[in-house]
Amino acid sequence: MTTPLRYGLIGTGMMGLEHQRNLNALDEVLVVAAADPHPASLDAARFTAEGRELDCFENYRDLLAADMCDVYVISSPNMTHRAVLDDVMATGRHIVIEKPLCTTVEDAAHIRDLAADYPALFWVGLEYRYMPAITRAIDIAHSGELGEVHMIAIREHRHPFLVKVDNWNRFSANTGGTLVEKCCHFFDLMRLIARANPMRVMASGGQDVNHLDEFYAGQRSDILDNALVIVEFENGVRSSLDLSMFAEGSQHHEELSVVGSRGKVEAFLPSGELRVGLRSGGTRGVSTSVVHNDAVRVEGFHHGASYLEHLDILAAIRADSSALVTAEDGWWSVVMGAAAHRSIDERRSVEISEFL
Ligand SMILES: NC(=O)c1ccc[n+]([C@@H]2O[C@H](COP(=O)([O-])OP(=O)(O)OC[C@H]3O[C@@H](n4cnc5c(N)ncnc54)[C@H](O)[C@@H]3O)[C@@H](O)[C@H]2O)c1
């Protein structure tokens, strides 16, 4: 019998509770503590503990001082990540930090540099990699079956941003901007699939429909709700992102396609549908299936991705091996989002070298 790993949650809003439910379902894991300044969020964590013992703290620094955890899972709002990480990294314990790593490239670079010598696991929660249909599409793209990969297209057409505690996500200064906050997932996927770093970003976008009449402390919400982004990679791969956050009337919320010199793979969410076709087979040769991963015990809000990610995190801690999603990955995804925002703001193509 292995000694259970003791987890502490920092931030127990929507995503913190998703982590808690996933961790509850894992063997040899105990969620022993939670910290959140918002009483209702802490109450929700107590409820989600389902009778398990849970020490609760209003201030995460008191949780750190209690020194009762092996792993900290940070799901506080984006604008708190830098300060919280500075404190949590001083403990030398294992860390899982929600995306985006930080809201600015500078803060993300600071954390990336600290993480390079970190004595324990440092894992960034870019969990779209773990959605079963997406994972399968990536495996196919990397298998060579499609020939050399040249084009990657991602479309997210979905509902507007949800309401968050204290409405922190209504302002770009808090989130890093939509293309950092939300689309860091997609930029991470592009870079992972392309197996290269980005070179140049061109984007157009704006806030045209959502939250236009929302004011908080006299300030109008300023978050972008649609964008088209093109990314060119160092190895010649081209990629595009088509984002609309006023597209509830879509059958698929996310669509990924990867086209190589021999064929194409497509993945669709939430259905989990996968389509694979070779040029030689034409339209009739396209095979369609629905991808499931039987290991998933909790579907959650992310099609089982959080659960599968936690399995890999746990395995990495037990094996004393490196993170599969690193601070460097987190930093790159922030850089790409920031470059897209700069491209929109300055109406020009942006070289990634401007951020290096
Ligand atoms: N991986 C994903 O797909 C995904 C999905 C949703 C959210 N997220 C990320 O998770 C994080 C939390 O988002 P959410 O949707 O749960 O927001 P939320 O508003 O529902 O919850 C955030 C919680 O953090 C608490 N908090 C604020 N300051 C804190 C601090 N200093 N210390 C501890 N807790 C603090 C708030 O009181 C709140 O309870 C964000 O970084 C967000 O980008 C990731």
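Student: What makes the side chain of Asn78 a polar contact of the ligand?

Tutor: A polar contact is a pair of N or O atoms within 3.5 Å. An N or O atom in the Asn78 side chain is 2.6 Å from an oxygen atom of the ligand, so the pair qualifies. Asp36 passes too, with 2.6 Å, and so does Lys99, with 3.0 Å. The protein covers 90% of the 840 Å² of accessible area (Shrake-Rupley, 1.4 Å probe) that the ligand has on its own.

Keep in mind that this is a predicted model, where local features need pLDDT of at least 70 and side-chain atom pairs 80 or more, while totals for chains, interfaces and linings use all residues. Numbering runs from 1 along each chain, and side-chain values use heavy atoms, without hydrogens or water.

Student: What makes a residue part of the ligand's surroundings?

Tutor: One of its heavy atoms must lie within 4 Å of the ligand. That gives 27 residues, with Met15, Ser41 and Lys164 among the closest.

Student: Why are six of the shell residues called charged?

Tutor: Because they are Asp, Glu, Lys or Arg. The shell also has 10 nonpolar residues (Ala, Val, Leu, Ile, Met, Phe, Trp, Tyr, Cys, Pro) and 11 polar ones (the others, Gly among them).

Student: How do you know that domain 1 and domain 2 touch?

Tutor: Contact means heavy atoms within 4.5 Å. By that cut-off, 22 residues of domain 1 contact 22 of domain 2, so the two domains do touch.

Methods
Polar contact = N/O pair within 3.5 Å; in protein donor to acceptor, adjacent residues only side chain to side chain.
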